[in-house]
Each structure stands twice: as structure tokens, then as C-alpha cells.
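User: Please take a close look at a single part of this model. Pick one strand and walk me through its surroundings.

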Amino acid sequence: MRRRTPPPPAPLPQRDGVDPVRVRLPVGGAWATVREHLVERLTGAGPGTVESMFAAGQVIDADGRAVPPDAPYRPGMYVWFHRELPAEVPVPFPVEVVYRDEHIVVADKPHFLATTPRGSHVAQTALARLRHELGLPTLTAAHRLDRLTAGLVLFTVRPGERGAYQTLFRDRRVGKEYEAVAPYDPSLTLPRTVRSRIVKERGVPAAREVPGEPNAETRVELAGHRGGLGRYRLLPATGQTHQLRVHLAALGVPILGDPLYPEVTAPVPAGDFRRPLQLLARRLEFTDPVTGTHHTFTSGRELSAWTSYTDWSGESGPRG
């Protein structure tokens, strides 16, 4: 089997920690010029946007030269450009660096900050911030936390080593411990291991449990309770989308601040950082596949509903 030729290196630098967009012109199609193809491809960019990019010399080829507006279409050609970043409300919480060496960075991500650029969250992401703040343009994420979940995330420094760290997660060789605050139900028998089949459909906000062979497994333990709230220790053996949130909701104790489970609620306005989801990636443990060092990292964050329910909710404490 012939190996795929890697794309050439980007001729444009990052901007605010965000990579330039790379487009490979596909085989087929009736486009006469590169510009015609990009106008059709970037329909969401707004009228005249692509034409303005060409006029300003902002579409660049592999040799670092501006592509002229009348450049003929060549299948397989690569071009790069910086997209206009969406207007983002700054997330007013820092990304704390827990550990850093020449191979990895372990960060303690706050609630509301996406791990990597996606959709309307681009510059306001942990990856973009760390690239900019640490001066590490090659930094990449080895795994991902939901935007609403706080806690530990592993990043890799060298692109050639990223696969080795991703394999740790794929092969379940990373010990992960989460903490959640949810209602306390004295009739719920814990500890227990929850197994189910979870599916997440593209374009649908919430995942759901369906009949079939389980693909998600979570150990659920009660670490303490008071005032009608429980503090739960969660040990996932798998990593399905929203797995912990789905499993606690299915047990009848949905995580505080969850806008999707057990029911999808209306989105909060941009910039509303009240009532964060009470879910924290507390601990990561693994043996470094490059250095052989055994690492154990612990988040320094606390879940605000547990430390002060009144501060988290803006209301009086829950009733027992």
C-alpha cells in the first residue's frame, strides 16, 4: 500500500496561536481558477470576502507567493490563508500550566474554554492561548475535554511524538479520575460500575443511550455529601462523548450546571460565566511513552458548588 505524501509545510505563520487554513484543490470540478473554487467553497465567508483576500495578496501557495486572482486551477495544489476570526467573548480565566518539559505540557483548563479550535471557538481556546503564551507554535492536544468541563489536559510539544501520546488514550493506558457535584440520592447504591451504549449524532447537541453492546464504562463512587448535594468520584474506563454526564443523568443525579442532561435547555448568552458545569478532570496518570517517566498530575481547581453553593448558584443553599 503506497504511503500518502504529507502536505508541504505552511508558508504562513500562526496568528494569535491559530494555524492558517490549508486547502488542497480537489481532483475534478469545472473551476477555471483557484479563486472560483474558493468562492464556491467558502460560501459562509460573506460576499466579496474571497475577492478581497486575493486583492490583498492573502492567499499563499506552497512557495510563499501570493496567488493571483486569475491563477489557473490545478488539482492537488495547496493554498493557505488566515480566516477572519469570529468575534469571541474572552474567557476571563487563566490556563494554568501544571507541568512542562521538552515533550509535553500538562495544563489545568478552566470551565468555558474549549480545548482546541472548533466552530465559533478559535482564539479563545486552551491550545491557541498556550501556543501564544508559551511560544510553542508546534503544540498540539493529545486528547480533549469538553468546553464546559474544567481540569487537566495533555498537550504534546513535538509533532512527531503526538501519535505516541494519543496511543496512550486509545489503548486505555491513562488513569483518569474526575470529580462531579450533583444531587445526593440516599437510595442510590454506590459504588457501582455503569455500562451502556452511548451514541452521539452529528449536529445533535446531546448524546443518548441506546440498546446494544456497551461501549461506555464508568466507575461511580460517592466521596461525600451534605446539604442535598453529593460529591462524586468518577473513573471512566472509556472515553465516549459526554459519557460521565450521560451516566450520572441516567442514575438520576445529573451534574449541576449541565445544559444538556437530562434535558437540553436554552443556551446562555455569550459572556455568561455563571453556574459552570460541576465536572472536573481531577487526575491524570500515565507512563511517558518517550521518556519512560511515570507521571501523576492533579488539578488545583475546586468545584464551586461544593465549596460554596451560594456563590455558584446565586441563591440560598439546597435543601436536604
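**Strand 7 and its neighbours**

Analyst: T140 faces T156, a residue of strand 7. That pair is a good way into this predicted model. T140 belongs to strand 6, which spans residues 140-141. Strand 6 and strand 7 are antiparallel, and two bridges link them.

T156 has another partner. In strand 5, I104 is bridged to T156 of strand 7. Strand 5 and strand 7 also run antiparallel, here joined by six bridges.

Now strand 13, residues 279-287. Strand 13 pairs with strand 7 in the parallel sense, over two bridges. At this contact G151 of strand 7 lies opposite A281 of strand 13.

How many residues of strand 7 are buried? Seven of the seven, across residues 150-156, so the strand is mostly covered, with buried meaning under 20% relative accessible area. As background, side chains in a regular strand alternate between the two faces of the sheet.

Follow strand 5 onward for a contrast in setting. Strand 5 covers 104-109, and a loop connects strand 5 to helix 3 at 126-134. R118 sits in that loop. Is R118 buried or exposed? R118 is exposed, because its relative accessible area is 56% and the cut-off for exposed is over 50%.

R118 also takes part in a positive surface patch. The other members of the patch are R144, K200 and R202.

To recap, strand 7 pairs with strand 5, with strand 6 and with strand 13. The residues of strand 7 are buried, whereas R118, in the loop after strand 5, is exposed.

Terms used: Residues are numbered from 1 along each chain as its sequence is written. This is a predicted model: local features need pLDDT of at least 70, side-chain atom pairs count only at pLDDT 80 or more; totals for chains, interfaces and linings use all residues. Side-chain values use heavy atoms; hydrogens and water are left out. Patches are made of residues with over 30% relative accessible area and no salt bridge: like charges are joined within 9 Å, nonpolar side chains (Val, Leu, Ile, Met, Phe, Trp, Tyr) within 5 Å. Accessible areas come from the Shrake-Rupley method with a 1.4 Å probe; for residues, only the protein chains shown count as cover. A salt bridge is a side-chain nitrogen of Lys or Arg within 4 Å of a carboxyl oxygen of Asp or Glu. Lys and Arg count as positive and Asp and Glu as negative; His and the chain ends are not counted. The place of a charge is taken as NZ of Lys, CZ of Arg, CG of Asp or CD of Glu. Helices (H or I, at least four residues) and strands (E, at least two) are DSSP runs, numbered from the N terminus. Buried means under 20% relative accessible area, exposed over 50%, partly exposed in between (1.4 Å probe, protein chains only). Two strands pair if DSSP finds at least two bridges between them.
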